[in-house]
Amino acid sequence: MSDFHHGHEPRAEEIALHQKYLTLEGQIDAARLEGDQAEARRLTPLVKRAKARWIKATQPVVDAWIAKTPNGKALYEEAVALIKKYDK
């Protein structure tokens with residue numbers, strides 16, 4: 001984890017990064033609905049960066065789940081494949 005400090009919540013960084021990602025997703029969806037392609041293009045790299053930061057922050061949780069779950073690696077890989085298939 002980074003030097004992010006937010007109270008005493010052990011997963012505060014993950015939560016904050018997820019909220020940032022969801023906020024940007026909402027903004028880009030609104031821009032697209034309003035037909036503001038320039039704003040959608042401006043937001044696209046920000047959304048990608050926010051998603052990548054959130055995924056990186058949650059990786060220790062994912063790794064722990066894989067380690068303790070029977071057939072965890074295969075289940076995780078299947079879930080990732082489905083996400084890639086249906087992600088916009």
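Contact here means that heavy atoms lie within 4.5 Å of each other. By this criterion, and leaving aside residues up to four places away in sequence, L24 touches L43, L46, V47 and A50. The model in which these contacts occur is a predicted one, and the description below moves from the overall fold to the packing around L24 and then to the remaining helix pair and individual residues.

The chain contains 3 helices and 0 strands, and its elements, read along the sequence, follow the pattern α-α-α. Of its 88 residues, 19% count as buried. Among the contacts in the chain with a separation of 6 or more, 40% are accounted for by residues 24 or more positions apart.

Helix α1 comprises 22 residues, which at 1.5 Å a residue should span 32 Å, and the distance of 31 Å between its end C-alpha atoms agrees with that expectation. The buried residues of this helix are A12, E13, E14, L17, Y21, L24, E25, I28 and A31, and the partner against which they pack is α2. In an α-helix there are 3.6 residues a turn, so residues three or four places apart point the same way. Following α1 in the sequence is G35, whose phi is positive, near 75°.

The largest nonpolar core consists of 8 residues, namely Y21, L24, I28, A31, A40, L43, V47 and A50. The elements that give two or more residues to this core are α1, residues 12-33, and α2. L24 is itself a member of the core, and its contacts with L43, V47 and A50 join it to residues that also belong to this set.

Two residues of these helices may be placed by their C-alpha distances and their accessibility. H18, which lies in helix α1, is 36 residues from W54 in sequence, whereas the C-alpha atoms of H18 and W54 are 5.7 Å apart in space. H18 counts as partly exposed because its relative accessibility is 27%. R41, by contrast, lies in helix α2 and counts as exposed, since its relative accessibility is 58%. Between R41 and A31, which are 10 residues apart along the chain, the C-alpha separation is 9.3 Å.

The second helix pair is formed by α2, residues 37-68, and α3, residues 72-86, whose axes come within 8 Å and cross at roughly 130°. The two helices are therefore oblique to each other. At this contact, Q59, V62, W65 and I66 in α2 meet G72, K73, L75 and Y76 in α3. Sorted by class, the residues of the contact comprise 5 nonpolar, 2 polar and 1 charged.

The loop between α2 and α3 includes N71, a residue that has a positive phi of about 60° although it is not a glycine. Most residues other than glycine have a negative phi. N71 is also exposed, because its relative accessible area is 56%, and exposure is assigned to values over 50%.

Key:
Residues numbered from 1 in each chain as written. Predicted model: local features only at pLDDT ≥ 70, side-chain atom pairs only at ≥ 80, totals over all residues. Heavy atoms only, no water. Axes fitted to C-alpha atoms, helices over the stretch in contact; angles between N-to-C directions. Helix = DSSP H or I, 4+ residues; strand = E, 2+ residues; numbered from the N terminus. Parallel < 35°, antiparallel > 145°, perpendicular 65-115°, else oblique. Nonpolar A, V, L, I, M, F, W, Y, C, P; charged D, E, K, R; others polar. Core = buried A, V, L, I, M, F, W, Y, C linked by side-chain atoms within 4.5 Å. Buried < 20%, exposed > 50% of the residue type's maximum accessible area, 1.4 Å probe, protein only. Expected span 1.5 Å × (residues − 1).
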